[in-house]
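Work through the exercises below with the model open beside the text. Each task is followed by a solution in steps.

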Amino acid sequence: MTASCGAVIGFASAASTETVPVVSSTPDVSMSTVAASSHTVTDSSYKPVRALHVTAWLAGSKKYRAHLNEVFKTTVINSVIIDVKEYEGEVYIPGVPMAEKAGAYVSAMPDIANWVADLKRQGIYTVARIVVFKDNIMPRKNKALAVKNPQGDIWFDSHKITWMDPFNHDAWRYNTLIAVQAAKLGFDEIQFDYIRFPTDGKLSMMRFAKPRTKQTAPTALIDFLRQASQVLHPLGVKISIDVFGLTTSVTSGMGIGQLMGPMTEQVDFVCPMVYPSHYAKGEYGIPNPNDQPYKTIHLAMHDALKVLGPANAKKLRPYFQDFSLPGRGIRYHAKEVRAQMQAAIDQGVDSWALWNARCSYTLDAIKTPVVAASSATAPSPPFPDVKTSSNTH
C-alpha cells in the first residue's frame, strides 16, 4: 500500500486541551474490559468479497460513480471500500459532531447515504474505511489525545505528522463514533486501518498514556477492537481490520502491536496488506518478492491460514497490489494482479480487495473469476516453510 493507505509507515498529529464530549445520541463506548468473544464466519453467512478501494473524492464524483457502475456490470467486483476517515484526519461523512467541531469534516461526498443505498440496490457490498490512530487534525485540537514527547508536547514523526495515543480511550471513542455514523448511513461493514503504533521518526521519544511494552501494546489494540465490536455489531454491521502483510508470518507484534490472530478474534474479517512490492528483498527466501507475486502471496496466505486456523479461514480477505512502485522490479499488469488472486484461491482464500492509490484499476485482471488450480496444474512442489524477518518496510 502506498503511504495513503496504511501499508507503509504512519502519520498523525496533536494539540489543544479541550475535553472530548460524548455524543448522547449514539451508544457510549464502554471503558470496561470484558471477556473476548470470537466472531466466526459461518458457511451460511459467507459470501466471497471482491472489492476495490475508492477514495472519498472519487466516491463523490458522479463521473467515477458511473465508471464504477460499468465495472460492477462487466467484472467480478461485488464490493467497494470507501474512505470515511483518512490519515490526514479528515472525516468525509456528515453527522459526526466531534469531527465538525474540530474542523475535520470535509464535504467530499455529502450525498453518501443515497449512494450507499443505490449501491446496495445493485447488490454491491459497502465498506467504510476508517484510519484510526494516524490523525493529523483531532490531536492538534485536543493535545490530550496525542502521542507526546518527553516534554509533554506533541510528538511528530519523520513526516511532521502526529498520532493519536492508542492507549487513550477518548481516541477510541472518537473513532468508534465515526464508525457508528457510517453504520447509520447504511454501510454494511466498517474497516479499521492504522490500528497500530507508529513506525517512523524518533520512536524513542514517544510517550503514551501508559508504558508501552510488548504486552501492553497488543492489548491496547485488542481492547479497542473488542469495545468497538460491542458498539457496532448490535447495529448490524460487520467489522474488518487492515494489518501489515508480514503479520501473517511474524507473531512478535513487529514493534507496532499487531498480533493478527488475537486481533482477528474480535472482528469479522482481517485484511493483511500483502503487496509483493512492500516485502524486503530476500523475504520468504525470495530474491525480489515484487517479481514473484504468486510465490509471495502463496507463502503469505499459507502462514495466515496457520495463524487463523481452519475455522477462521473465511475471515481472511487480503489486499492485493494493483500498482507498480519505481525501482522495485517488474511493473504490474493483469498477469501479475491475477497471479496474486491465483495464489490465494489455490489455498481456498476466495475473498480479496485491490489497492491502487489513484483508484485506476486493471480491468483486464478482474473481468473473469480466477479458478483454483487442480492438483495436476498447481505449482509443484509445494513451497516449503521459510524464515521471515520482522521488517515492517
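The exercises go from the whole chain to one helix, then to single residues and a pocket.

The model is predicted: local features need pLDDT of at least 70, side-chain atom pairs count only at pLDDT 80 or more, and totals for chains, interfaces and linings use all residues. Residues are numbered from 1 along each chain as its sequence is written, and side-chain values use heavy atoms, with hydrogens and water left out.

**Exercise 1. Describe the protein chain as a whole.**

Step 1. The protein chain holds 10 helices and eight strands; these are DSSP runs, helices being H or I of at least four residues and strands E of at least two, numbered from the N terminus.

Step 2. Of its 393 residues, 57% are buried. Buried means under 20% relative accessible area, exposed over 50%, and partly exposed in between, with a 1.4 Å probe and protein chains only.

Step 3. Take the contacts (heavy atoms within 4.5 Å) between residues at least 6 apart in sequence: 81% of them join residues at least 24 apart.

**Exercise 2. Determine the span of helix H10 and whether it is enclosed or open.**

Step 1. H10 covers residues 334-345, which is 12 residues. From first to last C-alpha it reaches 16 Å, close to the 16 Å expected at 1.5 Å a residue; the expected span is 1.5 Å times one less than the number of residues.

Step 2. Nine of the 12 residues are buried, so H10 is largely enclosed by the rest of the structure. Among the buried ones are Ala334, Val337, Gln340 and Ile345.

Step 3. The buried residues of H10 pack against helix H9 (293-308), strand E7 (319-321) and E8.

**Exercise 3. Place Gln340 and Asp165, and find what their side chains reach.**

Step 1. Gln340 sits in helix H10. It counts as buried because its relative accessibility is 0%.

Step 2. Beyond four places in sequence, Gln340 touches Val274, Pro276, Pro293, Ile297, Phe320, Gln321 and Tyr332. Val274 is 66 residues away along the chain, with 9.3 Å between the C-alpha atoms.

Step 3. The Gln340 side chain reaches the backbone oxygen of Gln321 at 2.8 Å. A polar contact is a pair of N or O atoms within 3.5 Å; within protein, one must be able to donate a hydrogen and the other to accept it, and residues adjacent in sequence count only if both atoms are side-chain atoms.

Step 4. Asp165 lies in the loop between helix H5 (138-141) and helix H6 (169-184). Its relative accessibility is 2%, so Asp165 counts as buried.

Step 5. The Asp165 side chain reaches the backbone nitrogen of Phe167 at 2.8 Å. Contacts of Asp165 beyond four places in sequence include Phe133, Leu145 and Phe208; the C-alpha atoms of Asp165 and Phe208 are 6.2 Å apart, with their positions 43 residues apart along the chain.

**Exercise 4. Is Val371 buried or exposed, and which residues is it in contact with?**

Step 1. Val371 is in the segment after strand E8 (352-355). Its relative accessible area is 61%, so Val371 is exposed.

Step 2. Leaving aside neighbours within four places in sequence, Val371 is in contact with Gln342, Ile345 and Asp346.
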